[in-house]
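User: Please take a close look at a single part of this structure, the strand that you consider best suited to such a study. I would then like to see it set in the context of the rest of the chain.

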Amino acid sequence: MNGVITHYMGRSYTGQGVKNFYKEIIQEANKVYFFKGPTTYRLTEIFKEIGYNAVRRGKNMEWFYDPMHEDLLEGLYINETKTLYLQADTVDPIYYGAGHEWVPYYEAYNDRKLHDIGPIVKEKQITNDVWLSKGLQALSRAKKIHDEWELLIQGAINWDGINALLEERTKKSIGNIQLQKNPKVTHRLMGSLTPLGAKDTLESISKNLKNRLYIKGLPGSGKSSFMKNFGEEAKLHGLDVRYIWCGLDANSVDGIVIPELQLCVVDATSPHVYEPERNGDEIIDFFPHINQTMLNEDKIVEVRNDYASEMELAQDYLCTYSGESKMIKMLYDSAIEEEKWRELQEKMLETIR
């Protein structure tokens, strides 16, 4: 029987900067291969070959994507063997000789060609850093506007009602379960702003779960806190918890997964709107606990429009950044020597256990 692939974003572009959980995943892993070399599309070929070979051997795994480039993998994690293959500039090996291994691939490039394209790449990279900075600045402004949006709503929330809803839901889903073990807590990213707008991988994350609880509410109505508290309650019962963090706000969660209950709870409001579509799907409705007569609708519309404008601007900047990054990758890939690249791929396929 083939294994299962679950898809996640490897990083997200948020109002607080670029976020990833690779350091946490490295701590989970027993073996980590750190790929080091020029930015490239070609490592995705190697990662997918490793992945498909492992899947055919019945291994379950997680694939991590670069949100700026459709189908571009930054890494993959084989769950059964706890083996991580990763290309990420923000993390380096720590435990040399104890599970961490460099995989440099500089030798697969033609030095003369690299020398020829070097000045072009340098110029493009300097310019592209500016586009990324502008995009992150726009996201930061959008985050501040969203905070203002939340404040406009929070005064209309019946928090006792939300807390009662949490108590009711945890009793129904967790009940008297008590596992005699220390719960395992993990962290992943489901979505991010991309050149095509906000995207996420909930379909992949939840496809094999029996129950999906969709929270419907307004910004600032406590959806993230509800899920964090649900996760804390699950941990008290010895249940493992996976927090799925927001792709736009680094301090907020978009979902939690309780694997032993075959359950996830997710924020199902804009920009990731979901509706029940199969048995086991339910809505957790916050709206009965929001007194909408207390809301200043004119001010909310104004703030919402300001937020949308900043998000559109951020997307435009990141779209330009993505396009230039694509050109840089293609330039570097033009300097690859195919025979040496095939040798690298064959060497890495031998690492599958």
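Analyst: Two strands are said to pair if DSSP finds at least two bridges between them. The model discussed here is predicted, and the strand chosen for the close look is β5, which covers residues 61-65.

β5 has a partner in strand β6 (residues 73-78), and the two run in the antiparallel sense over five bridges. Within this pairing, Glu-62 has Tyr-77 of β6 as its bridge partner. β5 also pairs with strand β1 (residues 5-9), here in the parallel sense and again over five bridges. In that second pairing, His-7 stands opposite Trp-63 of β5.

The side chains come next. In a regular strand, side chains alternate between the two faces of the sheet. In β5, Met-61, Trp-63 and Tyr-65 point one way, while Glu-62 and Phe-64 point the other way. Residues on both sides are buried. Because five of the five residues of β5 are buried, the strand is largely enclosed by the rest of the structure. Glu-62, the bridge partner of Tyr-77, is among these buried residues.

Phe-64 leads from the strand to an internal space. A search of the whole structure finds one cavity of 30 Å³ or more, and the volume of the largest cavity is about 40 Å³. Phe-64 belongs to its lining, together with Met-9, Gly-10, Phe-21, Tyr-22, Ile-25, His-187, Arg-188 and Leu-189. Two elements, α1 (22-28) and β9 (185-189), each give two or more residues to this lining. β9 contributes the most, with three residues. By class, the lining holds six nonpolar residues, two polar ones and one charged one.

An open space may be set beside this cavity. The largest pocket has a volume of about 940 Å³. It is lined by 49 residues, of which His-146, Glu-150, Pro-219, Lys-223 and Asp-267 are the closest to its centre. Elements giving two or more residues to the pocket lining include α3, β10 (191-194), β11 (197-200) and α7 (297-333). Helix α3 supplies the largest share, nine residues. The pocket lining divides into 17 nonpolar, 20 polar and twelve charged residues.

Helix α3 spans residues 111-154 and includes Asn-128. Asn-128 is buried, with a relative accessible area of 1%. Leaving aside residues up to four places away in sequence, Asn-128 touches Thr-320, Tyr-321, Glu-324, Ser-325 and Ile-328.

Finally, the cysteines may be considered. A disulfide is a covalent bond between the sulfur atoms of two cysteines. The search of the whole structure finds zero disulfides. Cys-246 is in no disulfide, and the nearest cysteine sulfur, in Cys-264, lies 16 Å away. Because the sulfur of Cys-264 is 16 Å from that of Cys-246, its closest cysteine sulfur, the separation is too far for a bond. Cys-246 counts as buried, at 10% relative accessibility, and Cys-264 counts as buried at 2%.

To return to the strand, β5 is paired with β1 in the parallel sense and with β6 in the antiparallel sense, and its residue Phe-64 helps to line the largest cavity.

Methods: Residues numbered from 1 in each chain as written. Predicted model: local features only at pLDDT ≥ 70, side-chain atom pairs only at ≥ 80, totals over all residues. Heavy atoms only, no water. 1 Å grid on protein atoms, 1.4 Å probe; cavity = no way out; pocket = protein on both sides within 12 Å on 5 of 7 lines; lining within 4 Å. Points joined across faces, edges and corners; volume = space filled by probe spheres on them. Helix = DSSP H or I, 4+ residues; strand = E, 2+ residues; numbered from the N terminus. Nonpolar A, V, L, I, M, F, W, Y, C, P; charged D, E, K, R; others polar. Disulfide = S-S within 2.5 Å. Buried < 20%, exposed > 50% of the residue type's maximum accessible area, 1.4 Å probe, protein only. Contact = heavy atoms within 4.5 Å.
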